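Q: I'm new to reading protein structures, and I'd love a close look at one part of this one. Could you begin with a patch on the surface and then walk me inward, explaining how that part fits with the rest?

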Amino acid sequence: MAAGRLPPGALTLRQFLRRQQVLQLYRKILRAIREVPAEQDRRYLKDWAREEFKRNKDATEEDAIRMMITQGNMQLQELQRTLKLAKS
């Protein structure tokens, strides 16, 4: 393989970094869900998160992916605020 050529199906650097952002967001959401006190709510939220990420796994448009990451971060912050209020 010549220098600078990617094998078919390989991710570009930008795609790789974006993928890492998505995986990091998913892990953060799952960690936050672990803090939910009610088992039934934890299960619901975990299923919801899994389905949302599965539903969007084939997205390729850069702007759409960035928008979904932003929305996911906002939802994560809302969950964290709600959990913080519940503890106080």
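A: Let's start with the nonpolar patch on the surface, which is formed by L11, L13, F16 and L17. Together these residues have about 400 Å² of accessible area. Please keep in mind that this is a predicted model.

Look at L11 within that patch. L11 is found in the segment before helix 1, and helix 1 covers residues 13–33. With a relative accessible area of 42%, L11 is partly exposed. A residue counts as partly exposed when its value falls between the limits for buried (under 20%) and exposed (over 50%), so the 42% of L11 belongs in that middle class.

Now move along to R18, which has its place in helix 1. Is R18 buried or exposed? R18 is buried, because its relative accessible area is 18% and the limit for buried is under 20%. If we set aside residues up to four places away in sequence, R18 touches E62, I65, R66 and I69.

One of those contacts deserves a pause. The side chains of R18 and E62 meet in a salt bridge, with 2.5 Å from N to O. E62 lies in helix 3, residues 62–87, while R18 lies in helix 1, so this pair ties together parts that are 44 residues apart in sequence. The two partners fall into separate classes of accessibility: E62 is partly exposed at 23%, whereas R18 is buried at 18%. As a general idea, side chains of opposite charge can pair when their charged atoms come close.

How many salt bridges does a search of the whole structure find? The search finds seven. Let's visit two others. K87 forms one with E35, where the closest N and O atoms are 3.3 Å apart. Here K87 lies in helix 3 and E35 in the loop between helix 1 and helix 2 (39–55), so the pair ties together parts that are 52 residues apart in sequence. K87 is exposed, with a relative accessible area of 61%, and E35 is partly exposed at 45%.

The other salt bridge joins the side chains of R42 and E39, at 2.5 Å from N to O. R42 and E39 are three residues apart in helix 2, which means that about one helical turn separates them. Both partners count as partly exposed: R42 has a relative accessibility of 23%, and E39 has 45%.

Next, let's step inside. The largest nonpolar core has nine residues in all: L25, I29, A32, I33, V36, A49, L76, L79 and L83. Helix 1 and helix 3 are the elements that give two or more residues to this core. Which helix gives the most? That is helix 1, with four residues. For background, nonpolar side chains in soluble globular proteins tend to be buried together.

L83 is a good core residue to click on. Leaving out residues up to four places away in sequence, L83 touches A32, E35, V36 and P37. So that list includes E35, which we met as the salt-bridge partner of K87.

Helix 2 also holds F53, which counts as partly exposed with a relative accessibility of 24%. Apart from neighbours within four places in sequence, F53 is in contact with V22, L25, Y26 and I29. Among these, L25 and I29 belong to the largest nonpolar core. The C-alpha atoms of F53 and M68 are separated by 9.6 Å, and the two residues are 15 apart along the chain.

Finally, zoom out to see where all these parts sit. The chain has three helices and zero strands, and its elements run α-α-α from the N terminus on. The radius of gyration is 16 Å, well over the 12 Å that the globule rule gives for 88 residues, so the chain is more spread out than a compact globule. Along the principal axes, the C-alpha atoms fill a box of roughly 60 × 20 × 20 Å.

Of the 88 residues, buried ones make up 15%. The chain exposes about 7,400 Å², and carbon and sulfur atoms supply 53% of that area. Among contacts between residues at least 6 apart in sequence, 68% join residues at least 24 apart. The salt bridge between R18 and E62 is a nice one to look at again here, as it ties together parts that are 44 residues apart in sequence.

How values were computed: Residues are numbered from 1 along each chain as its sequence is written. This is a predicted model: local features need pLDDT of at least 70, side-chain atom pairs count only at pLDDT 80 or more; totals for chains, interfaces and linings use all residues. Side-chain values use heavy atoms; hydrogens and water are left out. Patches are made of residues with over 30% relative accessible area and no salt bridge: like charges are joined within 9 Å, nonpolar side chains (Val, Leu, Ile, Met, Phe, Trp, Tyr) within 5 Å. Accessible areas come from the Shrake-Rupley method with a 1.4 Å probe; for residues, only the protein chains shown count as cover. A salt bridge is a side-chain nitrogen of Lys or Arg within 4 Å of a carboxyl oxygen of Asp or Glu. Buried means under 20% relative accessible area, exposed over 50%, partly exposed in between (1.4 Å probe, protein chains only). A nonpolar core is a set of buried Ala, Val, Leu, Ile, Met, Phe, Trp, Tyr and Cys residues joined through side-chain atoms within 4.5 Å. Contact means heavy atoms within 4.5 Å. The radius of gyration is taken over C-alpha atoms; the globule rule is 2.2 Å times the number of residues to the power 0.38.
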